[in-house]
Amino acid sequence: MKGQFMKSAISRRGLMGSALAAGAMTLLPGGRLAGAAPLPLTLTAGPATLPIIGDKWPDTKVWAYNGVAPGPEIRVRQGDMVRVLARNNLEQPTTVHWHGVRLPNAMDGVPDLTQAAIPPGGEFSYEFQAVDAGSFWYHPHVNTSEQIGRGLSGALIVEEKEPVKVDRDVTWIIDDWLLRDTGQIDDSFGRGMSMSHGGRIGNTVTINGRIPTEIAVKSGERIRLRLINVANARTFGLDFGKLAPKIIALDSQPVTPHEPANGRVVIAAAQRVDLIIDMTGAPGEKIQVIDNYFSRQTYELVTISHDEGKPLRESPLDAPIALPRNPLPEPVVDDQARRELIVLSGGAMGRMPPGVDKYIQQGQYWFLNDLPSKGRADEPIFTVKKGQTCVIGLVNETGWEHPMHLHGFAFRVLSRNGKPNMRGEWLDTVLIGRQETVELAFVADNPGDWMFHCHILEHVATGMGCFLRVA
Ligand code: C2O
Ligand code: CU
């Protein structure tokens, strides 16, 4: 993979990326991070030029919020109001979508469905209460393969009223860029095989907008690491070696703290994983973080480097790490529940539904219940009564995996491939493998039109999206 070349060619330059800078931010009293954006905030989407691949290479022309990619981290406390004025300095319409946030439909940022897109030069003001604590993110919902792919995304962190005790709270926005040898973004958006295959897989992986080299930590330090995957398509499988992190939240929602299966933290496009990591290396010890999701393309993402100084403490901090649950309504899966099946088909090497040639000619290759997004003529895939529990069975009849995302709700994963899911985690984006089935449930308590789509941005652009109506 070309990325391996690029990465090894450029990742050993001793560049201290903003990953480290973010890690170095100091906690102010009350848990706020110095450098977090004050509210109300203006978020201006526009062109910028940034040293993504390091100082010795030419800067990369990107699209950014407030001139930085990722955009400013927005930090609030659970229950706070989030007020953001979005301005558009791009030459095309945009919006801001608050991924994973339960909010009023009109604030969801979906063009033509929940608002008119913000035209070039225009603005829109978003305002909602942060009812759930957790790690969320924001991104445009117009021409997403290109707008997110060129750098438009940022973290929205909602702190618990009483956060777990850690030495540092660090966000890693992990992105995957497709760059040319010039260091500029490959502008083949919307073309080529990626649309009908696995999406736009890049060749340059960044943490907080820079190719990472080393992250400095102290022996004995406890870090809450918030991973946010903003890549267009790539799934990461991160192995932290002997550090053995514990997962405390998935997609913003607390889970019983546990070590990841096979020691690997899997995070698909748009997902978030909150980890507690005790830095158990000795002073001076270096530990590699390896991405081995694709077994033939493993590479070192970053090195965690324990400084030479005296350990912060001799044995790991003995403080609870379980997070309090968010106020999510519990689905009642009985015969009053609304049951729907959504079958994923299409793409290269997958089942093609009958009679879809005319859609394929329009560049629509992916189907939900045999129709691409352009085939529904603005009709919801189904309508649920407000307050009803909705159970969705997902069936993947394609040859690819898909991170399927529901707007506006968190859902419980009830089962996978017919086996009950004992962990019962809440997600807003569930990765469904080839030929797999997943069953999920949520209470449709929030009226409006809510998108349900694949978060591989090239897949949603070519048909793999719909919306459901709660009324
Ligand atoms: Cu992260 Cu429909 O979006
Ligand atoms: Cu997909």
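Student: Are His-402 and His-459 buried or exposed?

Tutor: In this predicted model, His-402 is buried. His-459 is buried too.

Student: Which ligand do they bind, and which atoms take part?

Tutor: The copper ion (ligand 2) is coordinated by ND1 of His-402, SG of Cys-454 and ND1 of His-459. The distances run from 2.0 to 2.1 Å. Water is not among the atoms, so the site may look incomplete.

Student: How are the donor residues spaced in sequence?

Tutor: The pattern is H-x51-C-x4-H. The two histidines link distant parts of the chain. His-402 sits in strand β24 (residues 402-406), and His-459 sits in helix α5 (residues 457-461). They are 57 residues apart.

Student: How should I read a nonpolar core?

Tutor: In soluble globular proteins, nonpolar side chains tend to be buried together. Here the largest nonpolar core has 89 residues. The members that touch the most others are Trp-98, Trp-172, Leu-227, Phe-240, Leu-394 and Met-404. Strand β19 (residues 299-306) supplies the largest share of this core, four residues.

Student: What does Leu-227 touch?

Tutor: Leave out residues up to four places away in sequence. Leu-227 then touches Trp-172, Ile-174, Leu-238, Val-265, Ile-267, Gln-271, Arg-272, Val-273 and Leu-275. There is also a second, separate core of 12 residues. Its members include Ala-48, Ile-52, Ile-53 and Ile-211.

Student: Back to strand β19. Why is Thr-303 classed as buried?

Tutor: Buried means under 20% relative accessible area. Thr-303 is classed as buried because its relative accessible area is 7%. Thr-303 lies in strand β19.

Student: Which side chain does Thr-303 pair with in a polar contact?

Tutor: The partner is Glu-300. A polar contact of 2.4 Å joins the two side chains. For a view across the sequence, take Thr-303 and Ala-216. They are 87 residues apart in sequence, yet their C-alpha atoms are 8.6 Å apart in space.

Student: What are the domains?

Tutor: The domain assignment gives domain 1 (18-160), domain 2 (169-306) and domain 3 (338-470).

Student: How do I judge the interface between two of them?

Tutor: The size of an interface is often given as the accessible area lost when the parts come together. Between domain 2 and domain 3, about 1,800 Å² is buried. Carbon and sulfur atoms give 60% of that area.

Student: How many residues of domain 2 and domain 3 are in contact?

Tutor: In domain 2, 21 residues are in contact with 23 residues of domain 3. The centres of these domains, taken over C-alpha atoms, are separated by 26 Å.

Terms used. Residues are numbered from 1 along each chain as its sequence is written. Chains are lettered from A and ligands numbered from 1 in the order in which they are written. This is a predicted model: local features need pLDDT of at least 70, side-chain atom pairs count only at pLDDT 80 or more; totals for chains, interfaces and linings use all residues. Side-chain values use heavy atoms; hydrogens and water are left out. Donors are N, O and S atoms within 2.8 Å of the metal (3.2 Å for Na, K and Ca); water is not among the atoms, so sites may look incomplete. Buried means under 20% relative accessible area, exposed over 50%, partly exposed in between (1.4 Å probe, protein chains only). A nonpolar core is a set of buried Ala, Val, Leu, Ile, Met, Phe, Trp, Tyr and Cys residues joined through side-chain atoms within 4.5 Å. Contact means heavy atoms within 4.5 Å. A polar contact is a pair of N or O atoms within 3.5 Å; within protein, one must be able to donate a hydrogen and the other to accept it, and residues adjacent in sequence count only if both atoms are side-chain atoms. Domain bounds come from an automatic or database domain assignment. Buried area is the accessible area (1.4 Å probe) that two parts lose on being put together, summed over both.
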